[in-house]
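This report describes one protein chain, from its overall make-up to its core and its charged pairs. The sequence and structure come next.

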Amino acid sequence: MRWLLLIALAGIAVVETGAAPVLQEMPVRAVTRNAGDTVALTRKGDRVEAVITSPRGIGSATFQRSGERWPRLTLRLNLRGLESLRITSGKVTLGLSVSSLSGAERRLSLTRDGGKEEEIGRSSEYWTDIRAFDERGKPIVSLPPSGGWFELEVPVAILRNDTPALTLEWIDFYR
């Protein structure tokens, strides 16, 4: 088990190739701010999946790319609510939320250069679908039960930014 932890901290992924596992450098590293929060990174071809666990439900993480460009990035948030998720890249912040009231309505907004926050729709290059899953991985339309999660693809428009770091901040439920 210790070697697995060391491999994760070193930014190396184990990639299954069919014959034998191959070690590859992970194109993304992540550091959480709060003790107890974790980000587990898995490389799947040209995509990196980040599984975020936050026992307190309020936290943040900084993602750093190691190459010239960002890989495609999938976020899996092991939370029961998503009142706020903010993804900041340079001077652009994408805000996402799933209402804990009114049928788990999804909302996305964008702030550029510290300006006014504006709601965005499906036609925006910053739009992404926020999916919810139950503890068995079955898609659901409501908030996830215990053991469930939210999942989304970080929009390519955020990853195109020349900034080598992304900051994520999340709140499961407002208290």
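In this predicted model, 41% of the chain's 175 residues count as buried. The chain contains two helices and 15 strands. About 10,000 Å² of the chain is exposed, and carbon and sulfur atoms supply 53% of that area. Among contacts between residues at least 6 apart in sequence, 53% join residues at least 24 apart.

The largest nonpolar core consists of 36 residues, and Phe 63, Leu 75 and Ile 87 have the most contacts inside it. Strand β9, residues 92–98, gives the most to this core, with four residues.

The whole structure holds 11 salt bridges. The table lists some of them.

| Salt bridge | Closest N and O atoms |
|---|---|
| Glu 105 and Arg 107 | 3.5 Å |
| Arg 131 and Glu 151 | 3.3 Å |
| Glu 135 and Arg 136 | 3.1 Å |

Arg 131 lies in strand β12 (residues 131–133) and Glu 151 in strand β14 (residues 149–153), so their salt bridge ties together parts that are 20 residues apart in sequence. Glu 151 is buried, at 15% relative accessible area, while Arg 131 is partly exposed at 28%.

In the pair of Glu 105 and Arg 107, Glu 105 is partly exposed, with a relative accessible area of 36%, and Arg 107 is also partly exposed, at 42%. Glu 135 is partly exposed at 41%, whereas its partner Arg 136 counts as exposed at 63% relative accessibility.

Salt bridges with shared partners join Arg 47, Arg 131, Glu 151 and Glu 153 into one network.

Note on methods. Residues are numbered from 1 along each chain as its sequence is written. This is a predicted model: local features need pLDDT of at least 70, side-chain atom pairs count only at pLDDT 80 or more; totals for chains, interfaces and linings use all residues. Side-chain values use heavy atoms; hydrogens and water are left out. A nonpolar core is a set of buried Ala, Val, Leu, Ile, Met, Phe, Trp, Tyr and Cys residues joined through side-chain atoms within 4.5 Å. Buried means under 20% relative accessible area, exposed over 50%, partly exposed in between (1.4 Å probe, protein chains only). Contact means heavy atoms within 4.5 Å. Accessible areas come from the Shrake-Rupley method with a 1.4 Å probe; for residues, only the protein chains shown count as cover. A salt bridge is a side-chain nitrogen of Lys or Arg within 4 Å of a carboxyl oxygen of Asp or Glu.
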